[in-house]
Amino acid sequence: PSSPGTPASPRTQAPRPQPKPPAGPPKKVASSGYTPVVIAKQRECLEQAYELGVPRTVEECDKLAATAPGCGGAFMFAAEHYDWKCRCCTEEGIKDGPSSPHWTLYKVLSEKPTEAPDTDASKSKYKPKVHAKGQECEEQAMNLGVINSVAQCDAVVAAEKKCGAHFMFSKTHPDWACRCCTRIGADDGPSSPFWDVYAVQAPLPDNRKPVPAPAVLDPTIGLPVAAGARPGWVLKDDALVIDARPEPKGGILILQAVLMDASHGWGKKAGFRPRWLRAILAANREHARRYKHAMILRVKVTEPQLTAWQIKGCGRKSTNQCRKDNERENYNWEKHLMLAEYLLSPQQFSHVLMLDADAAFIRQDHNTLKLICDIMDKNRKDLFLTDEDWLQNGQGRINGGLILAKNTKFSQDLFQDTFDAHVSGPAPLNKWRIGVSRVVCSSNEQICLNDLWRGGKGPIFSDHAMMAGGKKWNHGAEVGGFDDPEVEILHFMGGSKNSAGQVLCDGSRDVTGEGPTGYGCKN
């Protein structure tokens, strides 16, 4: 947190109690004379209320647990692994938790701080209007400095033209400053036991009132959607990028999922799409145009996102937080659902390619998908997968970012099965359409495929599937590859994403087909 009277820079993220790790091992007993009371050694909470940052000692964790609304009378702390965070239990979640050799359950000894009376509120009969309890702004507009009460913060926010209609304030830590949200930034912020989001009480002009984010109203904003009427065969809220097929049915369909995530790595709610994403989509559109394929983007995840087992695992977390916690895996599972849906389409596509939205065709002089289809036909396979052989020890390990499925009954059944297994979660799906039984897919979709490939189900799965080298067909961009004539598809995973615009637009050749001022490459 900023020191009292020293406001942090505008638009900085809300502070959290996370001290830097120490140079040496943490102290279990502080010099203050604090003596922890152990409830149970080698034991966790049955139900956790909050993660409270990364304090270095049991005492610091105790103090955080005492100040956090919603925490019960106990917390769990791993003294030898304090980077695992301080975690408090709910009132009902103290007893009968799972055993663990690393965690210890402690009683909260620190006194809960008393909130200072809001004198301004008592004089004016001001009643705070909580918009979102236990939550921060999703996007902050300004840090307005240290203010002592909700009522005072409300008044300051009301007078600041750069603020929207909401603000965040911590009653237990007013020294963390009064912070206002942008017009579109009051909802979907990170959960926190220390913060609440409030609505401004004073009348505001229309240009400060909350508005739905453009990308919420239209999730295709900023994407290369084809002009004209949307074809009837396009499913759900999916967007057609191009349909260059010479016939009304059949042909190859390229699928990519561009889903707005909590971290906004794929674009801002205001509609801005980063250059790396635009460059990749433009390159893939150009490949589809040249070789007469169709290309579809999924822009909204299928609801309900959360499975019954995920909801149960979230305990008392809000639905919004539960969705965020499971977002990455659920967005990846959406790929299998898309494959199942479009393989069953009345369009009768010959093949359906599921390609991660951070992967790009880089050889526009090669009909890459025809080359792969020929390999599949030669080997009499229905499914084409690639490994991670560009990495040390990655050979033989499936990368789920490229899946080409021939439209056969096996492929149609497989992706219905894998998605059903995801919904089933820890409970094994007893009977799969493809003939295997009691397979669990409660983690990500890539692990599920690897388990089918190497987990004792190989005879059925490998009869229909093949794995090729990722060095050629799905090459990780973190180790280069753009100027390697053997590489057909370049995958900009993780931190290499931000280099995609420079590589695809400013490198030895422009693969977007539009030049520096086109959709993909313009700055």
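Contact means heavy atoms within 4.5 Å of each other. This is a predicted model, where local features need pLDDT of at least 70, side-chain atom pairs count only at pLDDT 80 or more, and totals for chains, interfaces and linings use all residues. Residues are numbered from 1 along each chain as its sequence is written, and side-chain values use heavy atoms, with hydrogens and water left out.

**Exercise 1. Arg 275 and its surroundings**

Task: Place Arg 275, decide whether Arg 275 is buried or exposed, and list what Arg 275 touches.

Solution:
- Step 1. Find the element. Arg 275 lies in helix α5, residues 275-291. Helices (H or I, at least four residues) and strands (E, at least two) are DSSP runs, numbered from the N terminus.
- Step 2. Check accessibility. Buried means under 20% relative accessible area, exposed means over 50%, and partly exposed is in between (1.4 Å probe, protein chains only). Arg 275 is at 18% relative accessibility, so Arg 275 counts as buried.
- Step 3. List the contacts. Leaving out residues up to four places away in sequence, Arg 275 touches Gly 501, Gln 502, Cys 505, Asp 506, Gly 520, Cys 521, Lys 522 and Asn 523.
- Step 4. Look for a polar contact. That is a pair of N or O atoms within 3.5 Å; within protein, one must be able to donate a hydrogen and the other to accept it, and residues adjacent in sequence count only if both atoms are side-chain atoms. The side chains of Arg 275 and Asp 506 make one, at 3.1 Å.

**Exercise 2. Disulfides**

Task: State how many disulfides a search of the whole structure finds, then describe three of them.

Solution:
- Step 1. Apply the cut-off. A disulfide is a pair of cysteine sulfur atoms within 2.5 Å. The search finds nine disulfides.
- Step 2. Take Cys 505 and Cys 521, which Arg 275 touches. Their S to S distance is 2.1 Å. The angle about the S-S bond is -90°, and the link is left-handed. Cys 505 sits in helix α14 (residues 500-506), and Cys 521 in the segment after α14, 16 residues apart. Cys 505 is buried at 13% relative accessible area. Cys 521 is buried at 2%.
- Step 3. Take Cys 61 and Cys 86. They are joined with S to S 1.9 Å. The torsion about the S-S bond of this pair is about 80°, so the disulfide is right-handed. Cys 61 is in helix α1 (residues 58-67), while Cys 86 is in the loop between β3 (74-77) and β4 (87-89), 25 residues apart. Cys 61 is buried, at 0%. Cys 86 is buried too, at 0%.
- Step 4. Take Cys 137 and Cys 181. Here S to S is 2.0 Å. The torsion is about -65°, so this disulfide is left-handed. Cys 137 lies in the loop between β6 (130-135) and β7 (140-143) and Cys 181 in strand β9 (residues 179-181), so the pair ties together parts 44 residues apart in sequence.

**Exercise 3. A seven-stranded sheet**

Task: Give the strand order of the open sheet of seven strands and name its edge strands.

Solution:
- Step 1. Recall the rule. Strands of a sheet pair through backbone hydrogen bonds, either parallel or antiparallel. Here, two strands pair if DSSP finds at least two bridges between them.
- Step 2. Read the order. It is β11-β13-β12-β14-β17-β16-β20, with mixed pairing.
- Step 3. Find the edges. β11 (239-243) and β20 (465-468) each pair on one side only.
- Step 4. Inspect one pair. β11 and β13 (residues 294-298) run antiparallel and are joined by four bridges. Asp 243 stands opposite Ala 294 in β13.
- Step 5. Add a helix. Helix α9 (residues 368-379) packs on the sheet, and its direction makes about 75° with that of β17.

**Exercise 4. Two helices**

Task: Describe how α8 and α11 cross, and which residues make the contact.

Solution:
- Step 1. Choose the descriptors. Two packed helices are described by the angle between their axes and the distance between the axes. Axes are lines fitted to C-alpha atoms, for helices over the stretch in contact, and angles run from 0 to 180 degrees between N-to-C directions.
- Step 2. Read the values. The axes of α8 (residues 327-343) and α11 (residues 445-454) come within 8 Å and cross at roughly 60°.
- Step 3. Classify. Angles under 35 degrees count as roughly parallel, over 145 as roughly antiparallel, 65 to 115 as roughly perpendicular, and the rest as oblique. α8 and α11 are therefore oblique to each other.
- Step 4. Name the residues. Asn 332, Trp 333, Lys 335 and His 336 of α8 meet Glu 445, Cys 448 and Leu 449 of α11.
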